[in-house]
Amino acid sequence: MVFDHVGLRTMEKKKGENWVEATRVWVTNPRNHPFHVEWLRYEPDSPAPDALKNNPHIAYRVESIEEISRGMKVLLEPFEVGGFVRVGFYQYSDGSVYEFMEYLEGGDEWFPETP
C-alpha cells in the first residue's frame, strides 16, 4: 500500500478539473498539487453516497482492492476511470474514508490533462 493523495471536497471550480462520469464529479490532478491534494466538486445528481461526498478521503495505490478492503463498508464498488486506473471507495470502522487504486498496465499517469 502506497500513499497517493488526499481528496477534499470543494464547491469552487478549480483550474485543470477533469470530469469523472461514473461519479458525476469534477476532480483535479493531485500530482499537480505540492501536497498531493485532489479537489472534488460533485454535481447535484452525483450518485456518490453522503459519507464520500461529506468527508475527506485518503487514497492509496494497492495491488488488490478486494484484499485491502476486506471487512470495510463499501461506499462505491470498484470502477475503471479513464482506462488507466480502477478505484473503489470504502469506510473503515472508525468512519474514515479511503480510496483504493489499482493502476492498470501502462496507467502510471493520474488523469491526463484536459485538452
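Helices, of at least four residues, and strands, of at least two, are taken here as DSSP runs and are numbered from the N terminus. In the predicted model described here, T23 is accordingly placed in the loop between strand β2, which spans residues 18-20, and strand β3. The protein as a whole comprises 2 helices and 8 strands, and these elements follow one another from the N terminus in the order β-β-β-β-α-β-α-β-β-β.

The overall dimensions were considered next. For 115 residues, a compact globule would be expected to have a radius of gyration near 13 Å, and the value of 13 Å found for the protein agrees with this expectation. Along the principal axes, the C-alpha atoms fill a box of roughly 40 × 30 × 25 Å. Of the 115 residues, 43% are buried, and the accessible surface comes to about 6,700 Å², with carbon and sulfur atoms contributing 52% of that area. Among the contacts between residues at least 6 apart in sequence, 54% join residues that are at least 24 apart. The protein carries 12 positive and 20 negative charges, and the mean positions of these two sets are 6 Å apart.

In the interior, the largest nonpolar core consists of 18 residues, of which L52, F79, V87 and F89 touch the most other members. Two or more residues of this core are supplied by each of the strands β3 (25-27), β4 (37-42), β6 (73-81), β7 (85-91) and β8 (97-103), and the greatest contribution is that of β6, which gives 4 residues. A second core, separate from this one and made up of 7 residues, includes Y60, I65, M72 and Y98.

F79, one of the residues that touch the most other members of the largest core, is located in strand β6. Because residues under 20% relative accessible area are classed as buried, F79 belongs to the buried class with its value of 16%. When neighbours within four places in sequence are left aside, the residues in contact with F79 are V20, A22, T23, V85, R86, V87 and F89. Between F79 and M101, which are 22 residues apart in sequence, the C-alpha to C-alpha distance is 9.8 Å.

The contact between F79 and T23 leads back to the loop between β2 and β3, where T23 is found. With a relative accessible area of 6%, T23 is buried, and, apart from its neighbours within four places in sequence, T23 is in contact with Y42, S46, P47, L76 and F79. R24 lies in the loop between β2 and β3 as well, but at a relative accessible area of 24% R24 is partly exposed. The backbone of R24 has a positive phi of about 50°, although R24 is not a glycine.

A positive phi is also present at H36, a residue other than glycine, where the angle is near 60°. H36 is placed in the loop between β3 and β4, and its relative accessibility of 32% puts H36 in the partly exposed class.

Key
Residues numbered from 1 in each chain as written. Predicted model: local features only at pLDDT ≥ 70, side-chain atom pairs only at ≥ 80, totals over all residues. Heavy atoms only, no water. Rg over C-alpha atoms; globule rule 2.2 N^0.38 Å. Buried < 20%, exposed > 50% of the residue type's maximum accessible area, 1.4 Å probe, protein only. Contact = heavy atoms within 4.5 Å. Areas by Shrake-Rupley, 256 points an atom, 1.4 Å probe, with all protein chains shown as cover. Lys, Arg positive; Asp, Glu negative; His and termini not counted. Charge placed at Lys NZ, Arg CZ, Asp CG, Glu CD. Core = buried A, V, L, I, M, F, W, Y, C linked by side-chain atoms within 4.5 Å.
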